[in-house]
Amino acid sequence: MEMKNKMKILIVDDETYERILIEKCVDWDAMGFQIAGSVSSAGEALEVFEREQPDLVFTDINMPLMDGLELSRNLRERNGQIKIVMITGYRDFEYARTAIKIGVEDFLLKPIDSEELEKTAEKVRQDLLNEREKQKQLEESWPILSQDLTKRICMKQIGQEEAAQKLQAYELPFLYEQEMIGILVEVMEKEWEKIDQMPAAVSRILARERFLYSIFPKNRFFILMEAQAGTACVQALFEQIRTILNEPVRMTVSGVHQGFAGCSEAFSECQESMFNTMKGTGSQLICYKDYMELVHYVEKTYPVSFEKFRLAVRSADFEAAVSFVDQYLELYIYQGPILVSQLRNVGVLLLHNTAIVLKDLGMSFDDVDRIGIYQKISDLGSVQAFCTEFYEFLEMITKTVAEFSQVNSMSQKALQYIEEHLSVNGLSLHMVASGLFVSNSYLSRVFKQYSGESITKYIMRKRIEKSMELFDTTDFKVYEVAEKVGIPDAHYFGTCFKKYTGKTVNEYKSKKHTLFGKKCE
């Protein structure tokens, strides 16, 4: 076994004979270990620890200045994954109880028995190997799991209870239990391939347990992170991403939110402030707070109720929306000198109110063709140009709202059909389309537009989620659960289960799942 692949051992004992005995009575090399250090005090041990980062520590309890218990606490604070075995001649229960609280793996009594030492070391080695394999699987599946679940949470496509179960099962952080902010980065078309570098860039600044992320359509990268990370962390991310893209960057930051609903609120604020803020020539870091201050300023300057405008957009009534804008311009713009800044402010207000309607409908500016809308509005130089561009935008919006209503209705019917036929082995796009009397291509298009995923992927996801629920709440055997979710081939079911969850069925069933910190019965 190569030296770099061996696990490191640190021996700590103020008795020279005991240290030599531990070093020599076991063939550590053959077992896959190497001695990283053998020291006589806790102080020396901490120095070796910082330098060598050992995997396993054998430490005496009774040592001068800092005893083995205090050393163990110190090591645990520095590395929660380190394995510690206590060596003692004391048979005192209080020592054992304290050591258990610290997280010590095992006890060895003096004088050291070589067979017991070897057996303990082998057990620790197997535990370490299992943990590393589990961590490897988690790291491989983490990007897919984080992206999919974060997107569904932010798009309100999943309920809190279901999301909590999946966060727990996937070992993803419950960020919404604390104050958090959202960050949205827009990546230009020529830099699309660099979007995959974003997670690593965030990881260089934040620990993995402190953020979630997803990649959204139109090549935007969204991050949910702890608010306590602060302004300096946001600025560091901005600079890191500018370095990666090597071009002007647009990044928006939401307000501070807490709670499950706060995830979608943070995403919505980032989208709105990015969409409604005029593009500049350089990089922009836009805070939702600053954007809303601009909106409030403009509302005070042009105090008109936008209720009729929002109703027109919500009803997909293009003529009514245009009529409102005409009256608005007549009231504020045509009276006196026309300033380009006034037109731009009007554009911000109208876009802001359009965003409110789309948000209420469960839509976003992702659902409309917004190519060039920023630049067109920021380049406006006359009322005529404003009317031409904005009326075209309104026509596109109202058509999209009308289509969305149809898509929403058909997709809801498809969701209900799938729910009622989930246990049917032959459930597929063709079966759902036939059951709803529409073509495969039409249903495939509208369902993907509505849910963000294909019907085939959705059916498989719901089947695996249903199986997780059955494993949590029943004593059904694997083949029985497989049949109940419409996958009668137990082997194929197991393959699909691991692909989706990152765990084998047995690993999932053996895990003690918790929900909101409480044991699920």
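**Exercise 1.** Which residue caps the N-terminal end of helix 21?

The model is predicted, so that local features need pLDDT of at least 70 and side-chain atom pairs count only at pLDDT 80 or more, whereas totals for chains, interfaces and linings use all residues. Residues are numbered from 1 along each chain as its sequence is written, and side-chain values use heavy atoms, with hydrogens and water left out.

Solution. The cap is D489, a side-chain oxygen of which lies 3.0 Å from the backbone nitrogen of H491. Helices here are DSSP runs of H or I with at least four residues, numbered from the N terminus.

**Exercise 2.** Determine the span of helix 21 and the placement of its buried residues.

Solution. Step one: helix 21 covers residues 490-501, and because twelve residues at 1.5 Å a residue (1.5 Å times one less than the number of residues) should span 16 Å, the distance of 16 Å between its end C-alpha atoms agrees. Step two: F493, C496, F497, Y500 and T501 are buried (under 20% relative accessible area, with exposed meaning over 50%, for a 1.4 Å probe and protein chains only). Step three: seen down the axis, these buried residues fall within an arc of 110 degrees, taken from the directions from the helix axis to the C-beta atoms, so they line one face of helix 21. Step four: H491 and K499, on the other side of helix 21, are exposed.

**Exercise 3.** Place F493 and F497 in the largest nonpolar core.

Solution. Such a core joins buried Ala, Val, Leu, Ile, Met, Phe, Trp, Tyr and Cys residues through side-chain atoms within 4.5 Å. Of its 39 residues, F493 and F497 are among those touching the most other members, together with Y176, F222 and L224.

Notes
Helix = DSSP H or I, 4+ residues; strand = E, 2+ residues; numbered from the N terminus. Polar contact = N/O pair within 3.5 Å; in protein donor to acceptor, adjacent residues only side chain to side chain.
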